[in-house]
Amino acid sequence: MTTTQDRSHDKIDPAEQRFSELWSSPTGLKGFIATVNNRPIGKRYMVTALIFFSIAVAMALLIRAQLAFPRNDLLGPDAYNGVFTMHGSTMLYLFAVPFIEGLGLYLIPLMIGARDVAFPRLSSFGYWLYLFGGVTMYASFLFGQVPDAGWTAYTPLSGPKYSGLGLDFWLLGLSMVEIAGLGAAVEIVVTILKFRAPGMAIHRMPLIVWAYLIIGVMIIFAFTPLLLGTMLLEMDRSFGTRFFDVDRGGSSLLWQHLFWFFGHPEVYIIFLPATGVVTSVVETFSRRRVVAYKLILAALMITGFVSFGLWSHHMFTAGLPDLPMLFFTAASFMIALASGTQIFAWIATLWGTRPRFSVPFLYVLGFFFIFLNGGFTGVMVATMPFDWQVHDTHFVVAHFHHVLIGGAVFPFLAGLHYWMPKLTGRMFNDRFAKLGFWVAFLGFNITFVPMYFIGAFGMRRRVYTYSEDLGVTDLNLISSLGAILLAFGLATTLLNLLISMRKGRVAPQNPWEAGTLEWSLPSPPPSYGFEKPPVVEDLYPEWKRASLENPLHTISETLKFRPLSWRGTLVTDVTDARPQAVQYLPGPTRIPFVAAVALLAAAVSVLAKTYILALVAALCASGIIARWLYRDPQIAEEEFRELSARLKVPLSSSGSVSAGWWGMLGLIGIIATAYGGLVYAYYYLWLYSESWPQFGLPEPGGLSPVLVTSPLILSLFGVWMSKRGRAATRPGMLSFGLTTTCFFGTLFVLGGILVLARVPFGIDESAYSSIYYILNGFPLLLAIVALGLLGATLRRVLSRKEAFNEARLVLWLQNSELFWLFTALLGVLSYLVTQVSPHLI
Amino acid sequence: MTVKIKTTQKRASSIAGILPQVAVGLLLSILNASCTDTPRDSIFNPGGPAAARIAELGWEMIWIFTGYFLVTLLLLALALRGRKREKSPIGFRFVFVLGIALPTLILVKILISTLQLTLDLGSGKSELQIEITSHHWWFEVRYPGYPIIDANEIHIPVGKMIRFKLLSKAVVHSFWVPRLTGKRDMLPDHPTELRMTAGEPGIYHGTCTEYCAGPHALMAFKLIAHEPAEFEKWLRTRAEVPAVPVDPVVLKGRTVFEKACANCHAIRGLSEARVGPDLTYMGSRTTIGAGTVPNTKGNMAGWIANPQKIKPRNLMPRSYLPPEDLHSLLEYLESLK
């Protein structure tokens with residue numbers, strides 16, 4: 001803060017003044033809603049996540065109070081089941097991942113030298129969805145219908161037969177949070193790939209940024225199956241489908257597969273950024289380049305990749321065949337190797353550096369102690385026969401709290417203290433921070449070490465009461481006392497941060513003498529972040545500044561406080577970070593908020609079982625999102641021409657240069673994963689069925705599906721025409737091609753609806769009929785969206801307002817064609833899966 | 001203001017001063033609490049060969065990992081407290097040896113033990129099959145080939161490998177006898193299997209380990225291991241239909257049962273209902289409510305009058321029997337031995 005003030009006293013630069021206003025978020029309630037900039041949104045994410053965290057800690061205290069004594073009657077079974085379900089759900093869905101996303105949204109642009117994230121409106125939309133989702137989950141308390149199926153919500157317990165309205169709150173709230181998470185993931189990935197400072201080639205990216213890049217991709221592949229699972233389950237509950245209804249051919253284990261395909265990567269989605277924080281703190285406090293950068297990077301990648309091959313180690317006791325299941329034991333061991341690599345790389349980095357034991361570093365030491373412990377017991381539970389014993393006991397509870405608190409919460413707290421100057425412009429109170437750390441550290445070990453014993457002595461998890469005959473009475477009391485200590489330590493820490501935020505010492509620009517880019521900015525950074533894109537030549541730009549001869553300085557200087565009349569940031573290429581273009585970034589707008597409200601209305605209508613209203617709200621939401629996408633950037637012509645002349649790179653971009661194209665790729669990745677999950681469900685249900693179609697249902701088929709699918713093939717002709725039309729600059733051919741695609745697309749949709757309407761069975765007849773309808777309906781829904789995109793593009797072309805080769809129009813063309821091709825592919829696949837494959841196998 | 005802050009800070013640091021003592025004290029008491037006598041259901045107190053082999057693997061891992069944990073912490077301490085150096089004296093090779101090579105050797109060793117153990121636990125010929133079906137918060141037990149249907153108590157012969165065929169009537173449950181072997185889930189759509197052998201006669205405690213909402217905490221069973229000859233005798237006597245009582249009070253109890261209980265509960269020769277547990281030999285069972293309370297007359301009276309008080313959310317409704325009817329019903333149930 002001092003630095004900005006000092007500078008403004010030295011010289012009052014009118015350009016800086018205007019630039020600062022351009023980038024600052026509007027004030028007032030309306031302004032609050034309209035804010036889109038990454039730093040306010042990132043902070044909101046973190047604050048909201050910490051509020052949820054505090055609530056979940058309070059619930060943990062209730063759990064420990066109930067278990068402090070055998071046969072305690074403080075909470076009955078219903079209250080206890082609700083409390084532990086919400087404790088777990090809050091910690092994992094409403095705290096851990098959103099906190100990471102918030103930290104990432106805040107930090108990543110600062111660490112890579114960008115002025116904002118790639119899709120500012122999407123981050124605002126995501127935040128509101130996350131908040132609404134969390135509130136929806138908690139609204140269940142108002143109706144006395146608290147979800148009680150555990151954070152894993154195994155079917156059939158979570159199905160319509162065995163659980164009440166609480167689960168609907170849970171599922172709908174969770175869906176919103178998942179959509180928010182997916183949005184943030186695409187955002188983070190595209191930002192890292194495209195917005196890095198000139199010269200920050202991939203091998204000069206801080207490891208925490210690498211970690212975020214990896215988890216961004218992981219979220220796309222992990223959250224989507226969960227989103228799919230929650231939607232299928234909600235359909236079972238609200239619309240009578242039968243995916244998980246064992247009486248009608250559904251499967252009890254399908255949910256577990258979908259859930260853990262998300263659930264295991266989820267752990268590493270939380271853990272990898274935490275290791276990134278540890279790396280940042282270790283390298284800063286040791287004042288040394290991290291040892292074995294490449295090994296750590298390899299470890300991060302292996303962890304990310306292998307984590308998708310581990311999900312069944314949560315299902316060791318489900319009675320699946322033994323020997324294949326051992327594969328999952330072996331895969332889990334790989335993770336141990338990757339984690340070990342990181343641990344020893346940090347130790348090597350620290351060797352002989354005599355670091356100062358400041359609070360962030362203390363938390364890292366706490367991380368070492370607790371995470372190592374949890375890691376070793378992780379290998380134990382990954383060993384299948386041993387897991388058969390300790391699965392679903394307090395041993396596992398102890399293990400995952402070691403890994404999640406030691407491996408994630410402690411690094412997060414390290415990060416909050418470490419980046420406090422950047423987040424708030426102030427320093428924390430050192431003494432209280434240290435007190436908070438020590439109390440929490442002791443409290444943690446006293447709470448969770450005894451749980452290993454409690455579990456090994458046969459006490460199960462998720463039980464509201466136990467008998468003194470188990471011989472775990474004293475241990476439970478100790479654990480509960482430890483929990484009080486832990487909660488006290490956490491409360492001290494968070495309160496200290498809260499008070500220091502307002503009253504703490506004003507922070508210097510780089511109190512830790514750290515080496516990464518965010519420390520080149522004042523604390524806190526100005527609204528625009530970087531006045532010009534920083535030029536980077538090293539992994540630690542603050543330790544080794546770029547030489548003045550670097551030719552990249554020219555473009556950087558040109559962009560100093562520019563563009564002045566719209567928000568813009570430099571786009572660089574994916575590997576070498578060579579400047580490519582200047583990306584337009586939207587300013588404050590209320591549209592994301594309104595769209596999120598419409599989606600909330602849809603979810604509430606489903607809860608109230610008013611499905612017509614839900615449909616209307618969903619349509620409204622789509623309309624609002626369509627408007628959001630269709631809106632054109634407001635770019636001042638004059639400055640545009642002037643800047644274009646001076647810059648060597650274009651001011652607007654299309655194809656793989658632009659963030660928009662990558663965003664579309666991300667969306668397609670998400671939809672493809674969801675579709676893959678559906679195909680998996682189809683064959684999984686089939687595999688465990690005696691007959692297919694189940695229960696002697698007539699097999700739909702005949703000529704009509706062929707007739708419906710053929711327009712998809714014909715539409716390729718239209719795409720080919722429009723592509724050629726653009727390449728040959730023949731607007732007539734282009735419009736004709738687009739019209740042809742739209743025509744065949746419409747034919748597909750209408751035909752598809754007609755055929756589905758005439759299927760000889762209802763959607764609720766069996767699991768087969770449910771998956772049949774969904775697999776065939778899914779491409780139809782996508783086709784409607786794709787037609788909307790194609791129609792909008794056609795309108796742009798026909799209106800002739802834009803130059804034919806205008807980058808924005810080209811991007812519209814590319815994106816809508818890409819989306820259509822993808823839709824057509826899924827349409828054909830659905831035909832092959834549901835019509836052809838039953839005859840082949 | 002500043003003075004106040006200072007005093008609170010002082011207090012804060014004095015609290016920090018006593019923390020290590022508190023910590024040591026508590027850690028000692030944890031050790032004390034965990035080392036007293038062997039807990040009843042400890043997995044490290046095996047009662048059969050399978051659990052013994054698993055416990056062995058567990059100990060092997062505990063020793064290795066404790067060692068590795070301590071070595072790593074020692075290295076960390078050396079890194080932090082050693083002589084100050086300009087450059088790190090260790091690098092890639094250190095990370096490779098301690099983070100990859102050595103752990104790989106250890107993990108391969110554990111993987112081989114695991115493979116061997118998994119193969120061993122899956123082999124061997126079973127000599128008796130027992131079918132267990134889980135219901136909302138209790139277990140039904142059937143012995144194929146015998147008309148016996150029991151609940152929450154499983155009788156087995158010592159030293160013979162038993163094959164349990166597991167199935168669930170509702171949600172997913174899990175079947176676990178900690179001292180004999182690991183657990184196995186009970187699914188509603190596919191039967192699963194679990195083998196175990198009891199090493200010596202006695203009572204082994206078991207539970208449902210997969211969370212099933214409601215009174216999941218109170219869903220337990222007992223596994224009673226007999227000498228083989230005794231088990232044969234048990235099977236023979238249990239296969240018989242209980243005799244019609246002669247005592248008038250007991251006989252009246254039987255009539256009360258027919259009126260008040262027979263819609264849900266079966267007693268061989270009297271009723272066939274399968275909503276609640278079979279009560280043919282209720283008098284010989286040791287607990288009520290799937291291991292919730294001991295089977296005493298008082299508890300049984302309380303259970304019949306208000307089952308929700310003893311095991312909340314269980315599916316049995318309360319009954320409003322006149323005192324005499326209740327008395328004779330209790331006598332009747334007790335007589336079913």
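Here is a walk through a predicted model, going from the domains of chain B to its contact with chain A and then to some helix packing inside chain A.

Let's start with chain B on its own. The domain assignment splits chain B into three pieces: domain 1 covers 41-123, domain 2 covers 128-230 and domain 3 covers 248-335. If you look at domain 1 and domain 2 of chain B, their centres, taken over C-alpha atoms, sit 34 Å from each other. The two do touch: 10 residues of domain 1 of chain B are in contact with 12 residues of domain 2 of chain B. On the domain 1 side of that contact you'll find six nonpolar residues, three polar ones and one charged one.

Now bring in the other chain. Where chains A and B meet, chain A puts in 83 residues and chain B puts in 80. Which parts of chain B supply at least two residues each to the side that touches chain A? There are three helices, α1 (2-35), α2 (49-81) and α3 (92-122), plus the strands β7 (181-186) and β8 (192-197). The largest share comes from α3(B), with 17 residues. Sorted by class, the chain B side that touches chain A has 46 nonpolar, 22 polar and 12 charged residues.

Next, move into chain A and find helix α12, residues 359-382. One of its partners is helix α16, residues 430-456, and the two pack with their axes 10 Å apart at an angle of about 10°. With angles under 35 degrees counting as roughly parallel, that makes α12(A) and α16(A) roughly parallel. On the α12(A) side, the residues that meet α16(A) include A:V359, A:L362 and A:I370, while the α16(A) side includes A:F437, A:F441 and A:F444. The whole contact comes to nine nonpolar, two polar and two charged residues.

Helix α12(A) also packs with helix α11 (residues 322-350) of chain A, and here the axes are 9 Å apart at an angle of about 165°. Angles over 145 degrees count as roughly antiparallel, so α11(A) runs roughly antiparallel to α12(A). The crossing of these two helices is left-handed. From α11(A) come A:T329, A:S332, A:F333, A:A336, A:S339 and A:I343, and they meet A:L372, A:G375, A:G378, A:V379 and A:A382 of α12(A). How many charged residues does the contact of α11(A) with α12(A) have? It has no charged residues, with six nonpolar and five polar ones making up the contact.

Technical notes: Residues numbered from 1 in each chain as written. Chains lettered and ligands numbered in written order. Predicted model: local features only at pLDDT ≥ 70, side-chain atom pairs only at ≥ 80, totals over all residues. Domains from an automatic or database assignment. Contact = placed C-beta atoms within 7 Å. Nonpolar A, V, L, I, M, F, W, Y, C, P; charged D, E, K, R; others polar. Helix = DSSP H or I, 4+ residues; strand = E, 2+ residues; numbered from the N terminus. Axes fitted to C-alpha atoms, helices over the stretch in contact; angles between N-to-C directions. Parallel < 35°, antiparallel > 145°, perpendicular 65-115°, else oblique. Left-handed = near helix turned anticlockwise from the far one by under 90°.
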